[in-house]
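This briefing introduces a structure to a reader who has not met it before. It begins with its aromatic rings and then turns to its surface and its overall make-up.

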Amino acid sequence: MANEKESSRGLQGLIARFLSKIWRFLERAWNLGVSEPKKFIHCLKVGLALSFVSLFYYMRPLYDGVGRNAMCAIMTVVVVFEYTVGATLYKCINRATATFLAGSLGVGVHWVAAQSGEKFEPIILGSFVFLLASAATFSRFIPTIKARFDYGAMIFILTFSLVSLSGYRVDELLTMAQNRVSTILLGTSICILISVLLCPVWAGNELRLLVNSNSEKLADSLEGCVAEFFSNGIGNTSNEDSSKKLQAYKCVLNSKGTAESLANFARWEPAHGSFNFRHPWKQYLKIGAAMRNCGFCIESLSSSINSEVQVPKSLNKNLGDICMRLSSHCSQVLKELAATMKTMRKYSTTDVLVGEMNFAVQELQNALKSLPNQQLQIGATGEQTTTEFIVPLIDILPLATAIFLLIEIAARIKGIVDAVDELADLAEFKPEIDEQSKQSQSTSDKTDDVTMKALQKV
């Protein structure tokens, strides 16, 4: 009896843990949908596309047309419908083009092999499969083709092999190839229309948001690291939010792959919003590389926070304010660059902020040169004098490392500024003064209208 109660309790506990895990999963899924509604909408778009394709099975007139081959269209929707418009267009165009080329070549090779007689037909088919499959596979190692047509090369190999080999046993090869191409065109067309017309997620805009976010994360991490280094409690973060800001630079260092994928997909997208057809997407990769170079320095600065060597209070007090001021100017420059890329406008304050940053660097260099000489004095002779020198040197080393890293970070931020300026020139960002002049012109026009109406009444 006792064993039965124990087994019943064990079963109840197992069910409770199972239900608890399901609840936690549903809670995380709900939080993800609330924080990123675009992903939830994407799921609905995929379901809608599959529902449209399924109509070719459910409705008799459509089924008599292409319904018997609609399974290929369903597979097409599943494999080509991606989160962004650029990724969907990339896969759709690659799949449709590769299928058409491979189907045409497969039919042509089948006709040539059929004219050679039954004895040589399998040899010719096998030879063409070997040559074209090998050539297409080798093309996938070429960087340019791999970046833009890797999926198409894979579909070409698959389709050509299926068509050419099926032709050896199937009599109506041309009809089969036509049906395959038509169903794939059907599936890709539905995917493109739904992806573009219903709440589109543009890869180009996602790339811009990524670069903007990285710039702001660098600014937060830099300011947080310097504030933490020169605070009284070195190595102790005040709360969870500040800890996240200190570690935000890691997201910048890990964003290379995502940025490259988005830039590649953005090239396939049509002109939309503020982005022209030939928008300089590669320039965002240069900006990202410059930001990662800056992030590596911030990572080194962050590691120095946990140093067990304590900086002398006198030096900390003398140089801390200057370093904090420099980090503040650097953060302002980074945030200004983020605003420039977000609004796609040139701001006249950017040059002012860069000038203030450079002045702070010069001020820090001057303060570094004017360190008290007694900290580095060495006597002419004596073992005690050398020991005393080594101790001040060890005390100064963490502070000197942080200062040199700050100066290097400022120099690398200048590289980010140059990359953003180049983007502004290539993309023809409008200057901020245009907006101000438009507002003043609009105000002037309204004043003139009021004056004219008053004169007419008189």
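Rings of Phe, Tyr and Trp, the last taken by its six-membered ring, are paired if their centres lie within 6.5 Å. In this predicted model, ring pairs of that kind link Tyr90, Phe149, Phe265 and Trp268 into a cluster.

**Aromatic pairs**

- The structure holds six aromatic pairs, and in one of them the rings of Tyr90 and Phe265 have centres 5.5 Å apart and planes at 45°, so that the pair counts as tilted.
- This pair links distant parts of the chain, since Tyr90 belongs to helix α5 (residues 85-115) and Phe265 to helix α12 (residues 256-266), with their positions 175 residues apart in the numbering.
- Tyr90 also pairs with Trp268, and because the planes of these two rings stand at 65°, with centres 5.7 Å apart, the pair is edge-to-face.
- Here too distant parts of the chain are linked, with Tyr90 in helix α5 and Trp268 in the loop between α12 and α13 (281-305), 178 residues apart.
- Tyr90 has a relative accessibility of 9% and therefore counts as buried, and Trp268 is buried as well.

**Charges over rings**

- The charged end of Arg148 sits over the ring of Trp268, at 5.3 Å from its centre, which adds a charged side chain to the surroundings of a ring that also belongs to the cluster.
- Elsewhere, Lys91 lies over the face of Tyr151, and the distance to the ring centre is 5.1 Å.

**A nonpolar patch on the surface**

- A nonpolar patch on the surface is formed by Leu48, Phe52, Leu55, Tyr57, Tyr58, Met71, Met75, Leu193, Leu197 and Leu198, which together have about 1,000 Å² of accessible area.
- Two or more residues of the patch come from each of the elements α2 (37-58), α4 (70-80) and α8 (173-197), and α2 gives the most, with five residues.
- Leu55, one of the patch residues, is placed in helix α2 and is partly exposed, with a relative accessible area of 32%.

**The chain as a whole**

- The protein chain contains 17 helices and two strands, and of its 458 residues 38% are buried.
- Of the contacts between residues at least 6 apart in sequence, 80% join residues that are at least 24 apart.
- The accessible surface of the protein chain comes to about 26,700 Å², and carbon and sulfur atoms account for 61% of that area.

Methods: Residues numbered from 1 in each chain as written. Predicted model: local features only at pLDDT ≥ 70, side-chain atom pairs only at ≥ 80, totals over all residues. Heavy atoms only, no water. Patch = residues over 30% accessible without salt bridge, like charges linked within 9 Å, V, L, I, M, F, W, Y side chains within 5 Å. Areas by Shrake-Rupley, 256 points an atom, 1.4 Å probe, with all protein chains shown as cover. Salt bridge = Lys/Arg side-chain N within 4 Å of Asp/Glu carboxyl O. Helix = DSSP H or I, 4+ residues; strand = E, 2+ residues; numbered from the N terminus. Buried < 20%, exposed > 50% of the residue type's maximum accessible area, 1.4 Å probe, protein only. Phe/Tyr/Trp six-rings, centres within 6.5 Å; stacked < 30°, edge-to-face > 60°. Lys NZ or Arg CZ within 6 Å of the ring centre and 35° of its normal. Contact = heavy atoms within 4.5 Å.
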